[in-house]
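Here is a short walk through one protein chain. Keep the sequence and the 3D view open as you read.

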Amino acid sequence: MKKTTMADLTLIISTMMLALIAGLFYSYSCSVNPGLNQLGDSEYIAAMQSINRAILNPLFFLSFMGTLLFLPVSLFFNFTAWDSPKFLLLLAAFILYACGTFGVTIFGNVPLNDALAAFPLKNSSIEEISLARKNFEIPWNNLHTIRTIASVISLLLVIISLTIQSKTTELITP
């Protein structure tokens, strides 16, 4: 039986966390966004304000930030040479996740979420509500598409790296 190495363990944890995030963003694209699109402007804004508050929870942060932490740790433990295919796949996955998923979320989606959270829905006119939705929904969905694609491709790269054998020191035994 093959012994589990630290490289294997960190790669398994990274893959799981990344799969959770990619799945969250993918399912949001397939179900939540189309469902929200059917709502009127006031209902849409109220729903997004509620969702944006609800997503800020420990389970989300564990996988969203955990991926950002575990991918480079996995990269370190799976390093054998600068030009090894496994290292290059994991490096590309990390850069893509850090920039295309984490970065887009932090510097794109979150500021839009914060602006929407501050929008006074109950005290606004129909025109103001319509404009607020227009200013939020299209840019937010475009950024969401970028982070979804980035996380899915990053996951694909990590899964491909799992198929590549590497020569690492065994640190953990079953």
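Start at one residue. Ser154 touches Leu18, Leu71, Ala93, Leu96 and Tyr97, leaving out residues up to four places away in sequence. Ser154 is found in helix α5. Is Ser154 buried or exposed? Ser154 counts as buried, because its relative accessibility is 0%, and the cut-off for buried is under 20%. Now look across to Ala98. Ser154 and Ala98 are 56 residues apart in sequence, and their C-alpha atoms are 9.7 Å apart in space. Keep in mind that this is a predicted model.

Step back to the whole chain. The secondary structure comes to five helices and zero strands. Read along the sequence, the pattern is α-α-α-α-α. The C-alpha atoms fill a box of roughly 65 × 30 × 25 Å, taken along the principal axes. The chain has 174 residues, and 39% of them count as buried. The chain exposes about 9,700 Å². Carbon and sulfur atoms supply 71% of that area. Contacts often span long stretches of sequence. Take the contacts between residues at least 6 apart in sequence: 84% of them join residues at least 24 apart.

Next, the interior. In soluble globular proteins, nonpolar side chains tend to be buried together. Which residues touch the most other members of the largest nonpolar core? They are Ile21, Phe64, Tyr97 and Val158, in a core of 20 residues. Four elements give two or more residues to this core: α1 (6-37), α3 (58-77), α4 (85-117) and α5 (126-162). The largest share comes from α4, with seven residues.

Tyr97 deserves a closer look. Not counting residues up to four places away in sequence, Tyr97 touches Leu18, Ile21, Ser63, Phe64, Thr67, Leu68, Leu71, Phe102, Gly103 and Ser154. Ile21 and Phe64 are among these contacts, and so is Ser154, where the walk began. Apart from this core lies another, of 14 residues. Its members include Leu36, Leu112, Ile129 and Ala132.

Move on to Phe70, which is found in helix α3. Phe70 is partly exposed, with a relative accessible area of 27%. Which residues does Phe70 contact, leaving aside its neighbours within four places in sequence? They are Thr10, Ile13, Ser14 and Met17. Phe70 and Met17 are 53 residues apart along the chain, yet their C-alpha atoms are separated by 8.5 Å.

Now turn to α2 (41-54). This helix has 14 residues. From its first C-alpha to its last, α2 reaches 20 Å, close to the 20 Å expected at 1.5 Å a residue. Its buried residues are Tyr44, Ile45, Ala47, Met48, Gln49 and Asn52. What covers them? The cover includes α1, α4 and α5.

Just past this helix comes a loop. Leu56 lies in the loop between α2 and α3. Leu56 is exposed, because its relative accessible area is 56%, and the cut-off for exposed is over 50%. Together, Leu56, Phe61 and Met65 make a nonpolar surface patch of about 270 Å².

Last, the charged residues. Side chains of opposite charge can pair when their charged atoms come close. How many salt bridges does the structure hold? There are two.

One joins Arg133 to Asp41, with the closest N and O atoms 3.2 Å apart. This pair links distant parts of the chain. Arg133 is in helix α5 and Asp41 is in helix α2, 92 residues apart. Their surroundings can be compared by accessibility. Arg133 counts as buried, at 7% relative accessibility. Asp41 is partly exposed, with a relative accessible area of 28%.

Arg133 also forms a salt bridge with Glu137, and here the closest N and O atoms are 2.8 Å apart. Both residues lie in helix α5. Arg133 and Glu137 are four residues apart, about one turn of the helix. An α-helix has 3.6 residues a turn, so residues three or four places apart point the same way. Arg133 is buried, and so is Glu137. Asp41, Arg133 and Glu137 are thus linked in a network of salt bridges.

Methods. Residues numbered from 1 in each chain as written. Predicted model: local features only at pLDDT ≥ 70, side-chain atom pairs only at ≥ 80, totals over all residues. Heavy atoms only, no water. Core = buried A, V, L, I, M, F, W, Y, C linked by side-chain atoms within 4.5 Å. Buried < 20%, exposed > 50% of the residue type's maximum accessible area, 1.4 Å probe, protein only. Contact = heavy atoms within 4.5 Å. Patch = residues over 30% accessible without salt bridge, like charges linked within 9 Å, V, L, I, M, F, W, Y side chains within 5 Å. Areas by Shrake-Rupley, 256 points an atom, 1.4 Å probe, with all protein chains shown as cover. Salt bridge = Lys/Arg side-chain N within 4 Å of Asp/Glu carboxyl O. Expected span 1.5 Å × (residues − 1).
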